[in-house]
Structure formats: C-alpha cells, structure tokens
Amino acid sequence: MKLLAIETASEACSAALYLDGALSERYALAPREHARLILPMVDELLREADLSPGVLDAVAFGRGPGAFTGLRIAAGVAQGIAFGVDLPVVAVSSLAALAQGLYRERGAARVLAAIDARIGEVYWGKYEADATGLMILRGEERVVPPGEVSLPEGGDWHGVGSAWGIYGDSLRTRLSGRLATIDAARYPRACDVAVLAAAAYRRGEAVSAELAAPVYLRDEVAVKQR
C-alpha cells in the first residue's frame, strides 16, 4: 500500500510517505510556516521515492482538533492532491496521532492526549493500544477546561501534548494517582497519521476528496449547546 500523509494541526509541520509499512518523513517545528513548508516536503518525499501522486492508494491528513489555519492547510493540500489524481482521502484524529507517537517511541499503551485549545481549554482524548499496536479512542474527544477533563479508569496513564506544559498543574490535580509520565514537548506527526490511516483505509474508511473535512471540536460543542 502506498499512502501520503500530512499533519499541520499544531506548531509542527510534517509529511510522510507510507510504502507497504516502510515510512519516510519530513518534520519541522515551525509555527506559522506550514503553508510555505508542506508542499516542498511532499514533493521531496515523492521525488526521493521516485513516485508520482497518481500511483498512491490514498492521501491522509490530520483532521484535528488543532489550530484553525493549520487544519485548513492540511485539508486543502490533501484534497488538492486527491482531486488531481482521483484518490480517496483518509482523515485521522490529530489527538490519536499524538498518542500513537508516544506508543511508537516509548511503548506507552495508555495515553492521555491533550493539545492546548486556547482560552483556558484543552483538546482531550483517552487512548489505549490494541493488540496490533494501534491507538483506540476510549470515550469521546472533547474540548474542556483542564479541571474538567474526563477521568480514565485505573492508573499507569501517560500524558502527552502541549496542554500538559501549559495546564500541567491543573491536569495533575485532576488526574491524581492515575499518571505515570508526562511529555509536554511532543506534537502530532505525519508518520503516525500514516500508520493510523493505513489501518483505516484497510477497514474501508476512506472517503472521496470532497467529503474530507477538518474537525473543530469547539464548533461541535457550540452546535450541541444551541
């Protein structure tokens, strides 16, 4: 399977190429530079692999939650490539990719992914690795104040994401006795989007390019409240 993945939901910008399980990636921590960096990253990956977009099976992108502009960039680039060569698109949660990255590097099987959502709130998701090493969402992804995040069952949970650096004290108080480690300096990466997207593609979860869209959790909450 050949799949291109894009992730620009946070301060980090990355693109990855998944070729039958083998991964190559371009990554940069470059706030506000995503629009300038992402297409050259994609071109470089395809050129090095001697591939054209037309031979890919799908294009994937980090659908959020995250920064509004970053989500629009990822969705727009993924749709543009997919439209041009008639490819399906796989949208992957950026929180899931964040959790997958911690599992990939540290083997953390129970992960509390939290991204700073500004205005005193966090994007929050609880994930556990399944038997194949893929992160599975437990409950719902939400946007909430750090003192109101949903509590996981049991202990040995690993916190990851920018919100742990900003709201660490509040989150530690809320999750007293449940935390094993915290990594606040990690961002979602395209290589982890690619792994999750490949599995989703095999499950038949790809959609046509025009149906691919970012997920804004704050918008969803506002709609429910109204």
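Here is a short chat between a biologist and a modeller about this predicted model.

Biologist: Before we start, what is the mean pLDDT of the protein chain?

Modeller: This is a predicted model, where local features need pLDDT of at least 70, side-chain atom pairs count only at pLDDT 80 or more, and totals for chains, interfaces and linings use all residues. Residues are numbered from 1 along each chain as its sequence is written, and side-chain values use heavy atoms, with hydrogens and water left out. pLDDT is the predictor's confidence in each residue, from 0 to 100. Here 96% of the chain's residues reach 70 or more, and the mean is 95.

Biologist: Over which residues does pLDDT stay under 50?

Modeller: That stretch has 2 contacts (heavy atoms within 4.5 Å) beyond four places in sequence. The residues are 220-226.

Biologist: How many disulfides does a search of the whole structure find?

Modeller: A disulfide here is a pair of cysteine sulfur atoms within 2.5 Å. For Cys13, the nearest cysteine sulfur belongs to Cys191 and is 13 Å away, so Cys13 is in no disulfide by that cut-off. Searching the whole structure gives 0.

Biologist: Is Cys191 buried or exposed?

Modeller: Buried means under 20% relative accessible area, exposed over 50%, and partly exposed in between (1.4 Å probe, protein chains only). Cys13, at 0%, is buried. Cys191 has 7% relative accessibility, so that residue counts as buried.

Biologist: Which helix gives the largest share of the largest nonpolar core?

Modeller: A nonpolar core is a set of buried Ala, Val, Leu, Ile, Met, Phe, Trp, Tyr and Cys residues joined through side-chain atoms within 4.5 Å. The largest one has 37 residues, and Leu3, Ala5 and Val90 are among those with the most contacts inside it. Helices are DSSP runs (H or I, at least four residues), as are strands (E, at least two), both numbered from the N terminus. With 9 residues, the largest share comes from helix α6.

Biologist: Which side chain makes a polar contact with the side chain of Ser93?

Modeller: Ser93 lies in strand β5, residues 89-93, and is buried at 6% relative accessibility. A polar contact is a pair of N or O atoms within 3.5 Å; within protein, one must be able to donate a hydrogen and the other to accept it, and residues adjacent in sequence count only if both atoms are side-chain atoms. The Ser93 side chain has a polar atom 3.1 Å from the backbone nitrogen of Ala96. Its side-chain partner, at 2.4 Å, is Glu141.
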